[in-house]
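Subject: The model we talked about

Hi,

Here is the structure I promised to pass on. Have a look at it first, and my notes follow underneath.

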Amino acid sequence: IAGIALSFALPSASHSGGRMQIEVQRKDANAAGGDALVIPLTRSDAPPRALGVLDDAIGGWLARVWSAGDFSGKTGEVLSLPVAGIASKRVVLIGLGEEKNASAESLRAAAGRAAKALARAKAKQASLVVPALRRVKPEEAAQALAEGALLGAYRFDKYKSDNGEDDDDHAKESPPALTLLVDDPAKAKRAWTSRLAAAGGVYL
């Protein structure tokens, strides 16, 4: 398991919470600490075999979720529950839909939903697993997830109450520090640094 490969912060001048810190690491999901572990998944009838070790560590929670029909990876599905047995305090499952339809855009949307789930959970530090997809290269997937998380964490100040305060309870909270779990951190960094800088421009 490798440690932190790189780290950088992106500007969020208009976000009342300040800057969003994004890192990339090569680390096993079970060892990723923090408040939450976010796992984007394509639709399936059972938990992916790749998550078997993690599911054993958290007491078979994933198997029970699928068995109960609470999650199957459909587009738009979000399931967030506290867990024990791994370094993270919570697991957040995000549905990507059918793998044949998975794309950079669907990953951006999923990361945006994840950002909202993390805000509701008041997470300060989270890890996001970059999924292996047939139609999207790993570095492109990391790029799309970083963009979606960055833009999803942002709160436009257009919803105001009569007294001038934000209606959104999360608007004044800092976005969580996010760690992307990837196989090749350096390659991911090269692929999406420029795109992240462009995404960060929405804050200026």
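Of the contacts in the protein between residues at least 6 apart in sequence, 69% join residues at least 24 apart, a contact being heavy atoms within 4.5 Å. Bear in mind that this is a predicted model: local features need pLDDT of at least 70, side-chain atom pairs count only at pLDDT 80 or more, and totals for chains, interfaces and linings use all residues. Residues are numbered from 1 along each chain as its sequence is written, and side-chain values use heavy atoms, with hydrogens and water left out.

On the overall layout, there are five helices and seven strands, in the order β-β-β-α-α-β-β-α-β-α-β-α from the N terminus. These are DSSP runs numbered from the N terminus (helices H or I, at least four residues; strands E, at least two). Of the 204 residues, 49% are buried, meaning under 20% relative accessible area, with exposed over 50% and partly exposed in between (1.4 Å probe, protein chains only).

Now the strands, which pair if DSSP finds at least two bridges between them. Strand β6 (residues 125-129) runs parallel to β3 (residues 36-42), and three bridges join them; Ala-36 has Ala-126 as its bridge partner in β6. β6 is also joined to β7 (residues 177-181), again parallel, by five bridges, and there Leu-128 stands opposite Leu-180.

A good residue to click on is Ile-94, which sits in β5 (residues 90-97) and is buried at 1% relative accessibility. Leaving aside residues up to four places away in sequence, Ile-94 touches Val-38, Ile-39, Pro-40, Leu-41, Phe-71, Glu-77, Val-78, Ala-110, Arg-113 and Ala-114. Val-38 is 56 residues from Ile-94 along the chain, yet their C-alpha atoms are separated by 7.3 Å.

Phe-71 turns up again in the one aromatic pair of the structure. Its ring and that of Trp-66 have centres 5.3 Å apart and planes at 80°, so the pair is edge-to-face. For the cut-offs: rings of Phe, Tyr and Trp (its six-membered ring) pair if their centres lie within 6.5 Å, and planes under 30 degrees apart count as stacked, over 60 as edge-to-face and the rest as tilted. Both partners are buried, Trp-66 with a relative accessible area of 8% and Phe-71 with 1%.

Which residues lie nearest the centre of the largest pocket? They are Ala-50, Val-129, Val-130, Pro-131 and Ala-132, out of 29 that line it. Two or more lining residues come from each of β3, α1 (52-57), α4 (138-153) and α5 (185-200), and β3 gives the largest share, four. The pocket holds about 770 Å³ of space, and its lining divides into 18 nonpolar, two polar and nine charged residues. Here Ala, Val, Leu, Ile, Met, Phe, Trp, Tyr, Cys and Pro count as nonpolar, Asp, Glu, Lys and Arg as charged, and the others, Gly among them, as polar.

The search was run on a 1 Å grid over the protein atoms alone: a cavity is a set of points where a 1.4 Å probe fits but cannot get out, a pocket is an open set with protein on both sides within 12 Å along at least five of seven lines, and lining residues have an atom within 4 Å of a point. Points are joined across faces, edges and corners, and a volume is the space filled by probe spheres set on them.

There are two cavities of 30 Å³ or more, the second largest with about 60 Å³ of space. Its lining has ten nonpolar, no polar and no charged residues, among them Met-20, Leu-128 and Pro-176. The largest share, four residues, comes from α3.

Cheers
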